[in-house]
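Colleague: I have a new model open and want to learn how to read it. Can we go through it feature by feature?

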Amino acid sequence: MQIDHTERGIFNESHHAFREQVRRFYAQEIEPNVAAWERDGAFDRNLFRKAAKAGILCPGVPEEYGGGGGDILHLAVCYEEHGYSPAGASIDSGIDTDASAYIILLGGTEAQKQFWLPKFASGEVVGEGLFTEPHAGSDMTAMKTTAVRQGDQWVINGSKAWITNGNHLDLCLLVARIKEAGDTKPKFGLFLIDADAPGVSKGKPFQTMLRGCGNLGELFFENVRVGDDRVLGGPGASGLGQAARTLSITRTIFAARSVAACELAFHMALDYVKDRPAFGKTLFDLPVIKAKLAQVKMRIAVARAFVDKCLVAARDGRLTAEQSSMAKLWCTEMEVEITDICAHLHGAMGFSNEHPISKMVAAARGHRFAMGVSEMQLDTIARQL
Ligand SMILES: Cc1cc2nc3c(=O)[nH]c(=O)nc-3n(C[C@H](O)[C@H](O)[C@H](O)COP(=O)(O)OP(=O)(O)OC[C@H]3O[C@@H](n4cnc5c(N)ncnc54)[C@H](O)[C@@H]3O)c2cc1C
């Protein structure tokens with residue numbers, strides 16, 4: 001499947017060259033290994049270092065912090081190529097460390113940026129945002145994990161669930177309810193905690209319908225002690241508030257990945273029906289099949305136009321929360337429907353774990369939840385009415 005991205009008119013030569021680099025990495029380092037990783041139950045942690053060597057980690061992080069010095073569109077290219085890869089669904093969120101890198105880039109102190117970002121970009125550190133808890137997902141106010149001030153330290157207790165790359169994690173970007181003497185209103189802060197610090201432990205990865213080789217993990221925190229240097233943005237600062245801006249960017253890029261996954265599913269289905277003998281011709285010769293595929297093609301084209309507009313707005317600093325919620329909601333819901341239609345066109349083969357399309361259906365379901373469920377996106381849009 002070779003797709004011409006020049007006609008989209010939003011990418012320059014550097015983005016196109018970068019896309020080739022990312023595509024090569026998926027073809028050489030991920031696709032041939034995915035079946036073995038699925039048997040082992042997890043992809044190789046070393047993949048992050050290999051990706052760094054290939055120059056594809058943190059492409060949008062400034063060079064002064066060890067990143068690629070590109071822009072949001074470089075990051076979008078990474079996500080899109082993840083969506084275009086037949087192995088993309090299996091590795092789940094895969095080699096992405098950028099969402100967490102952006103949290104530090106937008107919300108961290110200068111010292112935190114200097115210290116952590118080069119480690120993200122080199123693959124030395126795998127970091128992730130830890131928001132969700134066993135009993136608190138969309139509703140952050142139900143969060144039970146606490147950070148209590150004791151002398152010049154913070155003592156953290158609680159647990160987090162459904163964390164991307166949980167088992168590969170080196171750095172937890174953990175959100176906790178802050179408890180300080182005299183507080184009346186609920187306050188939250190983001191703490192940078194080493195995953196091997198005393199008091200941190202990891203649970204078994206969740207078993208999901210995806211049966212891929214990524215992992216969604218659980219982490220426990222018991223009397224974990226950190227100093228003020230581990231509070232995002234510094235104590236008393238609004239590091240978490242600043243970092244919340246990251247969500248609009250990552251939701252949009254997430255939407256771009258969903259569109260790419262739909263396009264892959266479309267091409268898989270098109271190839272399959274053209275090849276499949278049926279009723280003296282092929283499945284493709286049945287008008288009803290052609291009409292279904294025509295609708296899929298149209299939906300992808302329309303979604304892409306809006307996502308591209310949002311990507312450009314994100315690059316130029318004009319992206320609104322409403323736009324990013326629209327992109328995330330529309331494209332992830334579309335991904336659920338289109339991967340299902342395309343799997344259906346594969347007949348029983350679309351139900352087989354041997355074929356990537358079945359994993360793409362399962363992964364799409366997860367994409368509706370990650371970075372905020374569809375109803376939360378709708379709520380963001382509704383609040384602007
Ligand atoms: C693939 C994947 C990767 C993830 N990675 C991470 C990660 O790295 N870090 C992390 O912290 N979390 C992660 N999560 C967790 C994810 O953020 C949560 O699943 C999500 O926030 C929803 O929380 P919940 O699952 O507790 O569902 P709940 O919040 O309990 O919601 C359950 C259902 O209730 C409905 N609902 C919820 N809120 C509303 C509302 N306001 N209005 C109307 N209906 C509503 C929706 O139908 C929703 O599906 C990941 C999840 C997945 C699937």
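Colleague: Start with the ligand. Which residues surrounding the ligand are the closest?

Modeller: Keep in mind that this is a predicted model. To read a binding site, list the shell, then ask where its members come from. Here 19 residues surround the ligand. The closest are F131, G137, S138, G366 and E375.

Colleague: Which elements each supply at least two residues of that shell?

Modeller: Strand 1 (127–130), strand 3 (153–164) and helix 11 (374–382) each do. Domains are the next level up. Domain 2 (128–237) and domain 3 (241–382) each give the shell at least three residues.

Colleague: How does the shell around the ligand divide by class?

Modeller: Nine of its residues are nonpolar, seven are polar and three are charged.

Colleague: Now the whole chain. How many helices and strands are there?

Modeller: Count the elements, then check the overall dimensions. The chain has eleven helices and nine strands. Its radius of gyration is 21 Å, and the globule rule also gives 21 Å for 385 residues, so the chain is as compact as a globular protein of that length. Along the principal axes, the C-alpha atoms fill a box of roughly 80 × 45 × 40 Å.

Colleague: What share of the contacts join residues at least 24 apart?

Modeller: Take contacts between residues at least 6 apart in sequence. Of these, 73% link residues at least 24 apart.

Colleague: And the interior? What percentage of the residues is buried?

Modeller: Buried residues are 48% of the 385 in the chain. Then look for the core. The largest nonpolar core holds 112 residues, and F191, A265 and C342 have the most contacts inside it. Helix 7 (residues 239–275) gives this core its largest share, 19 residues.

Colleague: Take C342. Which residues is C342 in contact with, beyond its neighbours within four places in sequence?

Modeller: Read the partners by their numbers. C342 touches A265, F266, M268, A269, V296 and I357. A265 is itself among the core residues with the most contacts.

Colleague: What are the domains in the assignment?

Modeller: Domain 1 covers 6–125, domain 2 covers 128–237 and domain 3 covers 241–382. For a pair of domains, read the distance between centres, then the contact. The centres of domain 1 and domain 3 are 21 Å apart, taken over C-alpha atoms. Their contact involves 22 residues of domain 1 and 23 of domain 3.

Colleague: Which helices each supply at least two residues on the domain 1 side of that contact?

Modeller: Helix 4 (72–84) and helix 5 (98–107) do. Helix 4 makes the largest contribution to that side, nine residues. By class, the domain 1 side has 13 nonpolar, five polar and four charged residues.

Colleague: Let's try single residues. Why does E337 count as partly exposed?

Modeller: Count the C-beta neighbours. E337 has 13 of them inside 10 Å, so it counts as partly exposed. The exposed class stops at 12 or fewer. E337 sits in helix 9 (residues 321–345). E337 and C262 are 75 residues apart in sequence, yet 9.1 Å apart in space, C-alpha to C-alpha.

Colleague: Now N12. Is N12 buried or exposed?

Modeller: N12 has 11 C-beta neighbours inside 10 Å, so N12 is exposed. N12 lies in the segment before helix 1 (13–30). Compare sequence and space again. N12 and R315 are 303 residues apart in sequence and 13 Å apart in space, C-alpha to C-alpha.

Notes. Residues numbered from 1 in each chain as written. Predicted model: local features only at pLDDT ≥ 70, side-chain atom pairs only at ≥ 80, totals over all residues. Helix = DSSP H or I, 4+ residues; strand = E, 2+ residues; numbered from the N terminus. Rg over C-alpha atoms; globule rule 2.2 N^0.38 Å. Buried ≥ 20, exposed ≤ 12 C-beta atoms within 10 Å, placed from the backbone. Contact = placed C-beta atoms within 7 Å. Core = buried A, V, L, I, M, F, W, Y, C linked by C-beta atoms within 7 Å. Domains from an automatic or database assignment. Nonpolar A, V, L, I, M, F, W, Y, C, P; charged D, E, K, R; others polar. Near = placed C-beta within 6 Å.
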